[in-house]
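Biologist: I am new to this structure and would like a close look at a single part of it. Could you choose one hairpin and take me through what it is tied to, and then go on from there to its surroundings?

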Amino acid sequence: MCIDVDECMGVNECQQTCINTAGSYYCDCTDGFQLDSDEHRCAVTNACQPGHNCSDICASFNNTDTCFCSSGFVLSFNQMTCFDINECDQSPCEQTCRNTIGSFRCSCAAGFQLNADQRSCDDIDECIDA
């Protein structure tokens, strides 16, 4: 019996909304945005006029400016300023996680190597190369 892995749990590749499906996932965007050609990022469909107070992304709905943040950031209480999210708080890495601006990097302890998924580690068999 197969069990579906929820690719949307924790940190994922979608800039705004991740929708899990059987065996896969897809990204979606909130109102005022459309999915970019990379099928992960969202582009503003109705940009604000110059002089808006948003620190990152601004979209206009019914002549009202609304601020949004890029992936890896969260909107502050003032609804205008974006702050970095510490993705490492969600434990996305098997061993060591280092928060970076807007993202994170996983690494492995000595004797292990980072897998292609950039999150899990495999034990290196040092006896093979001896």
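Modeller: What follows starts at one hairpin and then moves to the contacts, the disulfides and the pocket. Please keep in mind throughout that this is a predicted model.

The hairpin is formed by strands β5 and β6, with 2 residues between them. Strand β5 covers residues 57-61, while strand β6 runs over residues 64-68, and the two pair in the antiparallel sense over 5 bridges. At the turn end of this pairing, Phe61 has Thr64 in β6 as its bridge partner, and Asn62, which lies in the turn, has a positive phi of about 50°. Strand β5 is mostly covered, since 4 of its 5 residues are buried.

Strand β6 also takes part in an aromatic contact, and a search of the whole structure finds 1 aromatic pair. The partners are Phe33 and Phe68, whose ring centres are 4.7 Å apart and whose planes stand at 85°, so the pair counts as edge-to-face, the cut-off for that class being an angle over 60 degrees. This contact links distant parts of the chain, as Phe33 belongs to strand β3 (residues 33-35) and Phe68 to strand β6, 35 residues apart. Phe33 has a relative accessible area of 8%, and because buried means under 20%, this residue counts as buried.

A covalent link reaches the hairpin as well, for Cys54 is joined to Cys67 by a disulfide with an S to S distance of 1.9 Å. Cys54 sits in the loop between β4 (42-44) and β5, whereas Cys67 is in strand β6, so that the bond links distant parts of the chain, 13 residues apart. With -80° about the S-S bond, this link is left-handed, and both Cys54 and Cys67 are buried.

The count for the structure comes to 9 disulfides, and two others can be described in a similar way. One of them is formed by Cys93 and Cys106, whose sulfur atoms are 1.9 Å apart; with -75° about the S-S bond, the link is left-handed. Cys93 lies in the loop between β8 (82-84) and β9 (96-100), and Cys106 lies in strand β10, 13 residues apart. Cys93 counts as buried at 11% relative accessibility, and Cys106 counts as buried at 11% too.

The other joins Cys108 to Cys121, with an S to S distance of 2.0 Å, and is left-handed with -90° about the S-S bond. Cys108 is placed in the loop between β10 and β11 (112-114) and Cys121 in strand β12 (residues 121-123), so this disulfide ties together parts that are 13 residues apart in sequence. Cys121 is buried, its relative accessible area being 6%.

Strand β10, which holds Cys106, leads on to the largest pocket, where about 770 Å³ of space lies. Of the 29 residues that line this pocket, the closest to its centre are Val11, Asn12, Cys14, Ser71 and Gly72. Both β7 (73-75) and β10 (103-107) supply at least two residues of the lining, and β10 gives the most, with 4 residues. By class, the lining of the largest pocket is made up of 11 nonpolar, 12 polar and 6 charged residues.

Conventions. Residues are numbered from 1 along each chain as its sequence is written. This is a predicted model: local features need pLDDT of at least 70, side-chain atom pairs count only at pLDDT 80 or more; totals for chains, interfaces and linings use all residues. Side-chain values use heavy atoms; hydrogens and water are left out. Buried means under 20% relative accessible area, exposed over 50%, partly exposed in between (1.4 Å probe, protein chains only). Two strands pair if DSSP finds at least two bridges between them. On a 1 Å grid over the protein atoms alone, a cavity is a set of points where a 1.4 Å probe fits but cannot get out, and a pocket is an open set with protein on both sides within 12 Å along at least five of seven lines; lining residues have an atom within 4 Å of a point. Grid points are joined across faces, edges and corners, and a volume is the space filled by probe spheres set on the points. Ala, Val, Leu, Ile, Met, Phe, Trp, Tyr, Cys and Pro count as nonpolar, Asp, Glu, Lys and Arg as charged, and the others, Gly among them, as polar. Rings of Phe, Tyr and Trp (its six-membered ring) pair if their centres lie within 6.5 Å; planes under 30 degrees apart count as stacked, over 60 as edge-to-face and the rest as tilted. A disulfide is a pair of cysteine sulfur atoms within 2.5 Å.
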